[in-house]
Amino acid sequence: MTHTRTPAITAATAPIDAGELFYESTGEGPPVVLLHGGMLDLTMWDEQFTRLATLGHHVIRYDARGHGRSSTVTRDYAHHDDLHALLTHLDIPRATLVGLSLGARTALDTALAHPQSVSALILASPGVSGRPFTDPYVAHHTAQQIAAIGDPAHGAQRFVEHFLRMWVDGPHREPSQVNPQLRARLHASATANVARHAHGLGAGTPQEIGAADRLASIGAPTLVLDGELDSTDITSNAQAIARTVPDAEHQRLASAAHMVNLESQGPFNLAVESFLASTTDHA
């Protein structure tokens, strides 16, 4: 049954190794965790957070280490262990993980490192640990980001702009062809992240599972969503997951690049909600 009243939101922090995660929680029902993309924060899920709660889910979103209001990186760490620590702190034994980009990469690693904690996976514009980036467009803008780090005057501004070129505009559009409100919103998130966490750059390396070679062993029901205007790296990641994870479903979203949950909200929400309805027990 659909609930019309907007559930209350709890905001707090959870302890992790050498730091803490900032999270928000709302609603009651089967747990769903929203995992944001790299350089962004939990606000990229504004359109889905309370919506899923009103549909009868306990929804949690959080800032990954080195992002948003969570701790800056101080040493080597693992996003999948951080997530597991958050679930343990919240006394949630199993949850559906909804991740975009880095968030999907973390969700996949969690499904392999802590399979008992994952009831289903929704992987949007997915990263996959162990799969290299080979798209020349991505390589060019990554190189420009590295060069920007050495520019004390304008480096942060340049770093963020190349992030937007890669992961908001994509290789098939100029910035002027992207919704200006969307671009401004994500520019603000990325700029705030750089300002808050730049001093942690290089302080530690994320330890990953190498999911690329282990996709066939994932047992959780899996939905893959990607945008037609994204880079070839993400397209090939989505195809590899859909081809290799047993019984995975795959849907491509038209007229969207990397940020599919924001650029193609209607089809994205419909796909997510239909999948959740088919995989979660509301009894």
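Which residues have the most contacts inside the largest nonpolar core? Before I answer, please keep in mind that this is a predicted model, in which local features need pLDDT of at least 70 and side-chain atom pairs count only at pLDDT 80 or more, while totals for chains, interfaces and linings use all residues. Residues are numbered from 1 along each chain as its sequence is written, and side-chain values use heavy atoms, with hydrogens and water left out.

The residues in question are Leu34, Ile122, Leu186, Met259 and Phe268, and the core they belong to has 42 residues. By such a core I mean buried Ala, Val, Leu, Ile, Met, Phe, Trp, Tyr and Cys residues joined through side-chain atoms within 4.5 Å, where buried is under 20% relative accessible area with a 1.4 Å probe, protein chains only. A second, separate core has 33 residues, including Tyr23 and Val245.

Turning to the sheet, eight strands (DSSP E runs of at least two residues, numbered from the N terminus) form an open arrangement with mixed pairing, in the order β1-β2-β4-β3-β5-β6-β7-β8. Because β1 (9–16) and β8 (249–253) stand at the edges with a single partner strand each, one side of each is left without a neighbour in the sheet.

Within the sheet, β6 (residues 118–124) and β7 (residues 222–227) pair in the parallel sense over four bridges, pairing here requiring at least two DSSP bridges. Ala124 has Leu225 in β7 as its bridge partner, and Phe268 is in contact (heavy atoms within 4.5 Å) with both Ala124 and Leu225, among others.

Key
Buried means under 20% relative accessible area, exposed over 50%, partly exposed in between (1.4 Å probe, protein chains only). Lists of a residue's contacts leave out its neighbours within four places in sequence.
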